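User: Please take a close look at one part of this model, the helix packing and the surroundings of a single side chain, and set out what can be said about it in a connected account.

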Amino acid sequence: MTDDPTLGLTLSGGAAFGAAHVGVLQELAERGIRPGITAGTSSGALVAAAYAAGFDVSGIERATRAFRWRDIARWSFAPRLGLLDARALDEAVHRVFGADPLIETLPRRFAAVATDLRTRRTVAIDSGPLSVALRSTIAVPGILPPVRRDGAWLADGGMLDNVPVVATRALGASRVIVVRLHAKWENVRMMRTTRATADLERDPSVVLIQPEMERMAQWTMADAPRLIAEGRRAAAAALDAAAWVAGQPARSDRAEATAPA
């Protein structure tokens, strides 16, 4: 089974909520749906990078369940523009890959989205060292220091684009599976992407998956198993309703087709 080079996967940010992306990947794998393009912001970029690198879903799930924030950031006692030091992420990339791979050498196309602090524009990082892209997209101002790249200071992509569909399309995707992490308790002031989400819901080339995060922890991994399960539930519902996704029949149809006579 090969990847679909025109099918994209967009994973939004959301700190620990990003565990829900693993459930989405599980559902895609079960259905034989293999996007050849992926882009993400913040925690979504971490999961997207693992997928783009070709790691199997079970391995991504194990890593997610075992994840602790110290794996990517540690307290910094040196003067810098952030309370934490993200160099631990560089160490993690080297530990997992044995080196710091160039994004353009990954098996699948990938981009991590960051914010240029000077121009206040988004930057899709789709080339160069993977560690630099990941440190850039997770650099929450005041908590993690911005990253210097090509003369720009880059920080968390969620500041401007937490659902980077544009970046996914720029990589060549004509159809996109979008995972937007949200919660029912979000209010209008908090929802920068309200109008964009409505546009996605109307776009026939998009499957929008929205796991529900209500009453789940965003800043600890305590709810990782529940988040993974919710991601899978939301993905199944959205994919069942989408006729075009890899020509797959609805889950109930597949179950009937494979049931013994």
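Analyst: The account below begins with the helix H1, continues through H2 to Thr137, and ends with two loop residues.

The model is predicted, and every value that follows was computed from it.

Helix H1 spans residues 20-31, and helix H3 spans residues 57-66. Their axes come within 10 Å and cross at roughly 165°. An angle over 145 degrees counts as roughly antiparallel, and H1 and H3 are therefore roughly antiparallel to each other. Their crossing is left-handed. On the H1 side the contact is made by Val22, Leu25, Gln26 and Ala29, and on the H3 side by Val57, Ile60, Glu61 and Thr64. By class, these residues comprise five nonpolar, two polar and one charged. The spacing within such a set may be read against a general rule. An α-helix has 3.6 residues a turn, so residues three or four places apart point the same way.

H1 also packs against helix H8, which covers residues 224-240. Here the angle is about 45° and the axes are 6 Å apart, which makes H1 oblique to H8. H1 passes H8 in a right-handed crossing. From H1, the contact draws on Ala20, Val22, Gly23, Val24, Gln26, Glu27, Leu28, Glu30 and Arg31. From H8, the partners are Leu227, Ile228, Gly231, Arg232, Ala235, Ala236, Leu239 and Asp240. The residues of this contact divide into nine nonpolar, three polar and five charged. Val22 and Gln26 of H1 take part in the contact with H3, and Val22 and Gln26 are also listed for the contact with H8.

Helix H2, residues 43-52, is mostly covered, with nine of its 10 residues buried. The buried residues are Ser43, Gly44, Ala45, Val47, Ala48, Ala49, Ala50, Tyr51 and Ala52. They pack against three helices, H1, H3 and H5, and against strands E1 (4-11), E2 (35-41) and E5 (109-116). Just after H2, Gly54 takes a positive phi of about 90°.

Helix H5, residues 130-137, contains Thr137. Thr137 has a relative accessible area of 0%; because a value under 20% counts as buried, Thr137 is classed as buried. Two backbone atoms lie beside polar atoms of the Thr137 side chain: the backbone nitrogen of Ser42 at 2.8 Å and the backbone oxygen of Val113 at 2.6 Å. Leaving aside its neighbours within four places in sequence, Thr137 is in contact with Gly40, Thr41, Ser42, Ala45, Ala112, Val113, Ala114, Asp156 and Gly157. One of these contacts, Ala45, is among the buried residues of H2.

Two loop residues complete the picture. Most residues other than glycine have a negative phi. Asp150, although not a glycine, has a positive phi of about 50°. Asp150 lies in the loop between strand E7 (147-149) and strand E8 (152-156), and is exposed, with a relative accessible area of 71%. Arg215, also a residue other than glycine, has a positive phi near 65°. Arg215 lies in the loop between strand E10 (206-209) and H8, and is exposed at a relative accessible area of 70%.

Definitions and conventions: Residues are numbered from 1 along each chain as its sequence is written. This is a predicted model: local features need pLDDT of at least 70, side-chain atom pairs count only at pLDDT 80 or more; totals for chains, interfaces and linings use all residues. Side-chain values use heavy atoms; hydrogens and water are left out. Axes are lines fitted to C-alpha atoms, for helices over the stretch in contact, and angles run from 0 to 180 degrees between N-to-C directions. Helices (H or I, at least four residues) and strands (E, at least two) are DSSP runs, numbered from the N terminus. Angles under 35 degrees count as roughly parallel, over 145 as roughly antiparallel, 65 to 115 as roughly perpendicular and the rest as oblique. A crossing is left-handed if the near helix is turned anticlockwise from the far one by less than a right angle, and right-handed if clockwise. Contact means heavy atoms within 4.5 Å. Ala, Val, Leu, Ile, Met, Phe, Trp, Tyr, Cys and Pro count as nonpolar, Asp, Glu, Lys and Arg as charged, and the others, Gly among them, as polar. Buried means under 20% relative accessible area, exposed over 50%, partly exposed in between (1.4 Å probe, protein chains only). A polar contact is a pair of N or O atoms within 3.5 Å; within protein, one must be able to donate a hydrogen and the other to accept it, and residues adjacent in sequence count only if both atoms are side-chain atoms.
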